[in-house]
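Open the model in your viewer and keep the sequence panel visible. The stops below say what to select and what is there.

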Amino acid sequence: MYTQCPECLTVYKLEAELLVHACGCVRCSHCDAVFNALGTLAEQLPPEPFTRLEEHALDRDPPTAMVAVFRPRPHVDEAPVETGASPSPDDDTTAEAGEDFSQLTFTPRFAKRKRRSWRTAAWAAVCTVLIVGLGAQLAWAKRDALIADPTIGPVLETGCAMFGCRLPLVSDPSRLRLLARDVEQHPSVTDGLLITASVRNDASFAQPYPVVTIVLTDANGQRLAMRRFQPGDYVGDATARSRGLASGVTTAMVFEVQDPGQRAVAFAFSFE
């Protein structure tokens with residue numbers, strides 16, 4: 001609790017025990033003035049900046065305490081009762097012994113805390129939902145890194161397979177290895193060439209079919225022709241394109257290009 005000196009306006013923090021000694025009067029340690037701390041007693045300070053605490057009128061009728069939590073039972077002295085003697089109507093002992101305390105209510109602190117348990121559970125549920133939502137957003141934003149991770153990726157793939165879903169494909173052309181390649185005359189086009197290549201996905205996750213760039217050069221290394229092939233140019237099956245290249249799988253790619261002439265003696269592949 002807080003109170004304020006009316007002379008120098010210094011605000012003090014008080015404990016309830018300090019108000020007992022002089023019926024609420026205290027002495028200001030700054031200006032040495034004695035004042036009734038109950039006049040400006042407050043549980044919380046108002047928002048800053050402020051000058052004075054709210055003053056309370058101390059000349060009102062005392063309020064009535066309504067909620068009783070405990071009352072000790074009176075002590076009854078056991079005295080011998082003389083034979084034939086009847087209790088007097090003015091005997092306070094008999095009246096006190098018969099007093100009914102069954103209507104008293106005593107609410108322990110732990111019971112009061114239980115009343116608020118549903119609010120705590122509601123807040124805990126809301127916080128849990130918010131944390132899960134935030135985690136899901138972060139996981140979606142970092143999905144490529146999580147799927148490509150050699151430890152987390154297989155776990156995600158297994159969990160996704162249990163729920164009948166499919167992880168998005170993550171592209172990493174550096175993990176594609178060219179195992180073999182060959183070039184030959186096109187069987188049905190006069191000035192055409194067929195270029196075949198065997199490619200393996202060395203990544204621990206499935207990748208989309210890459211964009212393949214083929215460059216034809218002459219004996220001096222000069223570029224004669226170049227073409228970029230999109231996945232739809234060399235993979236006709238849309239379902240196969242959507243599945244991508246599975247981990248550790250080797251696939252054959254066939255490309256049709258125009259023959260640049262006898263000067264083309266070398267060709268090179270690159271993946272994007």
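Two strands pair if DSSP finds at least two bridges between them. Strands (E, at least two residues) and helices (H or I, at least four) are DSSP runs, numbered from the N terminus. This is a predicted model, in which local features need pLDDT of at least 70 and side-chain atom pairs count only at pLDDT 80 or more, while totals for chains, interfaces and linings use all residues. Residues are numbered from 1 along each chain as its sequence is written, and side-chain values use heavy atoms, with hydrogens and water left out.

**Stop 1: a strand pair**

Select residues 212-217, which are strand E7. Strand E7 runs antiparallel to E8, and 6 bridges join the two. At threonine 217, look across to arginine 223 in E8, which stands opposite. Then select glycine 221 in the hairpin of E7 and E8, where 5 residues lie between the strands. Glycine 221 takes a positive phi near 80 degrees.

**Stop 2: aromatic rings**

Rings of Phe, Tyr and Trp (its six-membered ring) pair if their centres lie within 6.5 Å; planes under 30 degrees apart are called stacked, over 60 edge-to-face, and the rest tilted. By this rule there are 5 aromatic pairs. Select phenylalanine 229 and phenylalanine 255: their ring centres are 4.9 Å apart and their planes stand at 50 degrees, so this pair is tilted. Phenylalanine 229 belongs to strand E8 (residues 223-229) and phenylalanine 255 to strand E9 (residues 250-258), so the pair ties together parts that are 26 residues apart in sequence. Both phenylalanine 229 and phenylalanine 255 are buried (under 20% relative accessible area; exposed is over 50% and partly exposed in between, with a 1.4 Å probe and protein chains only).

Widen the selection to Tyr209, Phe229, Tyr234, Phe255, Phe267 and Phe269, which form one aromatic cluster. Now add arginine 181, whose charged end sits over the ring of phenylalanine 267, 4.9 Å from its centre. A charge sits over a ring if NZ of Lys or CZ of Arg is within 6 Å of the ring centre and within 35 degrees of the ring normal.

**Stop 3: salt bridges**

How many salt bridges does a search of the whole structure find? The search finds 5, each a side-chain nitrogen of Lys or Arg within 4 Å of a carboxyl oxygen of Asp or Glu.

Select aspartate 172 and arginine 175, whose side chains meet in a salt bridge at 3.5 Å, N to O. Arginine 175 is partly exposed, at 35% relative accessibility.

Go on to arginine 177 and aspartate 202, where the closest N and O atoms of a salt bridge are 3.1 Å apart. Arginine 177 lies in strand E5 (residues 176-185) and aspartate 202 in the loop between strand E6 (192-201) and E7, so this pair ties together parts that are 25 residues apart in sequence. Add Arg200 to see a network of salt bridges that links Arg177, Arg200 and Asp202.

Next, select glutamate 272 and arginine 228, a salt bridge with its closest N and O atoms 2.6 Å apart. Glutamate 272 is in the segment after strand E10 (266-271) and arginine 228 in strand E8, so the pair ties together parts that are 44 residues apart in sequence. Glutamate 272 is partly exposed, with a relative accessible area of 43%.

**Stop 4: cysteines**

A disulfide is a pair of cysteine sulfur atoms within 2.5 Å, and by this rule the count is 0. Select cysteine 28 and cysteine 8: the sulfur of cysteine 8 is the closest cysteine sulfur to that of cysteine 28, at 3.5 Å, too far for a bond. Cysteine 28 is buried, with a relative accessible area of 2%.
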